[in-house]
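Subject: Handing over the two-chain model

Hi,

Here is the structure I promised to pass on to you. Have a look at it first, and then read my notes below.

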Amino acid sequence: MAKTDTKAKSLDRRGLSDEQLRAIFRNMLLQRQLDNRGFQLNRQGKVPFALGSEGHEALQAGAAMAFERGKDLLAPYYRDLGLALGIGLTPYEIMLSIFARAADHNGGRQFPNHYSSKHAGLMSFSSILAAHIPHAVGAAYAIKYRGETGRAVLVTCGDGTTSEGEWHESMNFAAIHKLPLVMLVENNEWAISTPLNKQMAQPEIWKRAAGYGMPGRRFNGYDPIETYATVKEALDRARSGGGPSIVEGMCYRFLAHSTDDNDMTYRTKEVVAEARKNDPVPAFEHVLVEAGVMSAHDVEAMRKDVLRETNEATDRAEAMPYPQASDLYTHLYEGAWQPWQ
Amino acid sequence: MLRKLGLWKLHLKPSGVRAHDDRTGDGARSERGERVPEHGVHVAPAGAHEAVGDGRAKLGSRKSGTASGEGKPNEKAPPNAMRSAQRVTIARWIDERPGFFLGALAVPPFVATKSSKRAGFDRHGLSGEQLVAILRTMLMHRRLEGRGFELNRQGKIPFASAGEGHEAVQAGAAMAFVRGKDILVPYYRDLGLDLGVGLTPTEVLLSLFARAHDHSGGRQFPHHYASKALGIYTISSVLAAQLPHAVGAAYALKYRNQTGRAVLTTVGDGATSEGEWHESMNFAAIHRLPVVFLCENNEWAISTPLHKQMANPNIYERAAGYGMPGVVVNGFDPIACYAATKEAMDRARSGGGPTLIEAKCYRFLAHTTDDDDRTYRSRDEVEARRKDDPVPAFERLLVEQGVLTAEGLESLKRSVLAEANDATDRAEAMPYPSAHDLYEHVYADGWQPWR
């Protein structure tokens, strides 16, 4: 494939190896497959609820590649399947969460898609918008307080969350204390049914950074390489004592907010179809094939592998037992203390 | 009464006559950035080399919106009618403001009839009467602040807060408020604003003494004034709690299509770190509400200095992030504060949406009578900032510019003292709320479900 060799030089890979580029793409494929699986299982009556992150694949896979496993901390929000996968969670762990099985990291007690993993540095979080951001800032404060350099906290939210008071308080506090924090805003233009123009008068969230006295940048969230480079720059700055940043990735939410939402009550099929033309998954596939990082054959093999892994994870998780009613009171107090009994 | 007058004089002389000299600008003022915000109608504050209160703060000449013909803020004379305006006696101005001027109707004319220095004096359309009214509000503000502290130290009232250093911003901003139309949602350090929109010293003292005739029946915290007649909202002490209320009032104005009205709401620098501040700014910007957010940045949130409150000390620069104009103004310059507030209020009244104004000032006293600021800041710092004290600076300006004679200034001060004394005596003589009234104003029609 001599032709792709010449084009390979035109791909600005921002230091990413072929292997890393393929890992990003595999994450994107897996994310989409698992997203759909959640919706399918819900419609089959097998899981009560699932969230869809279609449209966020490139942003999350790219950002996750900038995360340093074993050092950094991730404080995600509920639409961060790709970030969770990208920092090391397995599809099986995802499925345990969706199926709410006892073997899930939180014993099947959390909301679906609310992953956590102490091992992976993934903080457990609340569904309440922005509630996790003060926690992330607190974690960053702890890192600074303990003099731990080379570590940072990556915290994410959607565009709607930026209207919450906690968002403001967290940004201000992080800026005052120059905390090792990166605020990654995944701007998908919809806060459930609230469009961006009813969420804020000035649609460029990154511009608020100047008001807090920290750097702000906006990037194309459909481009995983640009995402990686932007988030990496911000994380590197945070790790080396340069303080926090706000980075805003532009994307779109292709699916409804969740399996409990019908987005056709507030936006049209045409609007979504138009946005789908920029779907980042086939676009990145095209980039990698054109650049010679993968052949069309490689892509097909990867797709099959992702499907196989998703199916296996689904079957395995589904076969696991639910939490026992007798476990209801565990993890509340240390030991077997049950003050109400 | 007379004995008491003498007593007040002894107590009050120092604060009223201090620091007439030495108006060299301090270094702190010059290091404040003066960047033009992207969406901002930028108002440059007086720089380090410009003496505070010289009235030359270069206000943006850009006129915004279409100022509605109705409701000129506290104006009785058109901008270019200074000479005729000066012939209008201050007594007439006062007569038109019932309750404003209780104790000093017999003072000589304040307004000088001529001045050769007037040429270089940018009064931003303010008449001589308005300028004198601003100064009177500032003097009364300071007088009543001092009174609150004295009464507290005498054991007569439980608490008082202090706005010394805020006189110029509040008196100037209040002059841009249209009585009977606009709504004021202040914070707890806004004595001057409340006076400026029409609250009387007696009403202020009733609040401090917590007497039954106070608008809240003596139930509110001291300095938490409210007046339905004047459009002053009752407030909570909780920082930024008043902002969603102010935004809600502005939303109601818009919802009811009441043009020509706006809400003026204020906070200190500390309250800008509260989530409610952010949520209010964002909501007001989305819906282009007729509200002006005036931030009185006095550099101290009780004991927290500005650099521990925010990484970027220019609060007005946040406005661009919300998509509204951000303005910074020298809070020691009442004319600049008036002009900035008027422009923003005019824009709000005419459908142009909200504005964030940051007035840079300083808190000369402790946070309240319950605070000892010596535990967190040095006397040297406070004394250095006192050199820019806006009250003597504005007195000097008006005399130098011939707006007021030296004799006029003296009688103005005397009348302020007399009115403050009279208000103190009147309020102190009023009864406390009765224990029988405890359950009033809780439910309508005296319903007491717990009985």
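Let me start with chain A, which has 13 helices and seven strands; both kinds of element are DSSP runs numbered from the N terminus, helices being H or I over at least four residues and strands E over at least two. Before going further, a word on what you're looking at: this is a predicted model, where local features need pLDDT of at least 70, side-chain atom pairs count only at pLDDT 80 or more, and totals for chains, interfaces and linings use all residues. Residues are numbered from 1 along each chain as its sequence is written, while chains are lettered from A and ligands numbered from 1 in the order in which they are written.

**Chain A overall**

The C-alpha atoms of chain A fill a box of roughly 75 × 50 × 40 Å along the principal axes. The radius of gyration of chain A is 20 Å, which agrees with the value near 20 Å for a compact globule of 341 residues (taken over C-alpha atoms, the rule being 2.2 Å times the number of residues to the power 0.38). Of the 341 residues in chain A, 49% are buried. Buried here means 20 or more other C-beta atoms within 10 Å of the residue's own, exposed means 12 or fewer, and partly exposed is in between, with C-beta atoms placed from the backbone. Among contacts in chain A with a separation of 6 or more, 75% come from residues 24 or more positions apart; a contact is a pair of residues whose C-beta atoms, placed from the backbone, lie within 7 Å.

**Around β7 of chain A**

A good place to zoom in is strand β7 of chain A, residues 245–250, where six of six residues are buried. On one side those are S245(A), V247(A) and G249(A), and on the other I246(A), E248(A) and M250(A).

Which strands pair with β7(A)? Strand β3 of chain A (residues 181–187) does so in the parallel sense over six bridges, and E186(A) stands opposite G249(A). Strand β6 of chain A (residues 216–220) also pairs with β7(A) in the parallel sense, over five bridges, with G216(A) opposite I246(A). To get from β6(A) to β7(A), the chain goes through helix α10 of chain A (residues 224–239) in a right-handed β-α-β crossover. For the terms: two strands pair if DSSP finds at least two bridges between them, and a crossover is right-handed if, with the strands pointing away from the viewer, the path from the first strand over the helix to the second runs clockwise.

In the loop between β7 and α11 (269–276) of chain A you'll find D263(A). Because it has 19 C-beta neighbours inside 10 Å, D263(A) counts as partly exposed. Not counting residues up to four places away in sequence, D263(A) touches A256(A) and H257(A).

**The sheet in chain B**

Over in chain B, an open sheet of five strands runs in the order β1-β2-β3-β7-β6, with parallel pairing. At the edges stand β1 (183–185) and β6 (326–330) of chain B; each has a single partner strand, so one side of each is left without a neighbour in the sheet. From one strand to the next, the twist averages 20°.

β1(B) pairs with strand β2 of chain B (residues 263–268) over three bridges, and I183(B) has V263(B) as its bridge partner. Helix α9 of chain B (residues 242–255) lies across β1, β2 and β3 (291–297) of chain B, at about 165° to β2(B) (axes are lines fitted to C-alpha atoms, for helices over the stretch in contact, and angles run from 0 to 180 degrees between N-to-C directions).

Strand β7 of chain B (residues 355–360) has six of its six residues buried. Six bridges join β7(B) to β3(B), and five join β7(B) to β6(B). Together, β6(B), helix α12 of chain B (residues 334–349) and β7(B) make a right-handed β-α-β unit.

**Where the chains meet**

How many residues of chain B are in contact with chain A? There are 20, and they meet 20 residues of chain A. On the chain B side, α10 (275–286) and α11 (319–322) each give two or more residues, and α10(B) provides the largest share, with seven.

Enjoy exploring!

Notes: Two residues are in contact if their C-beta atoms, placed from the backbone, lie within 7 Å.
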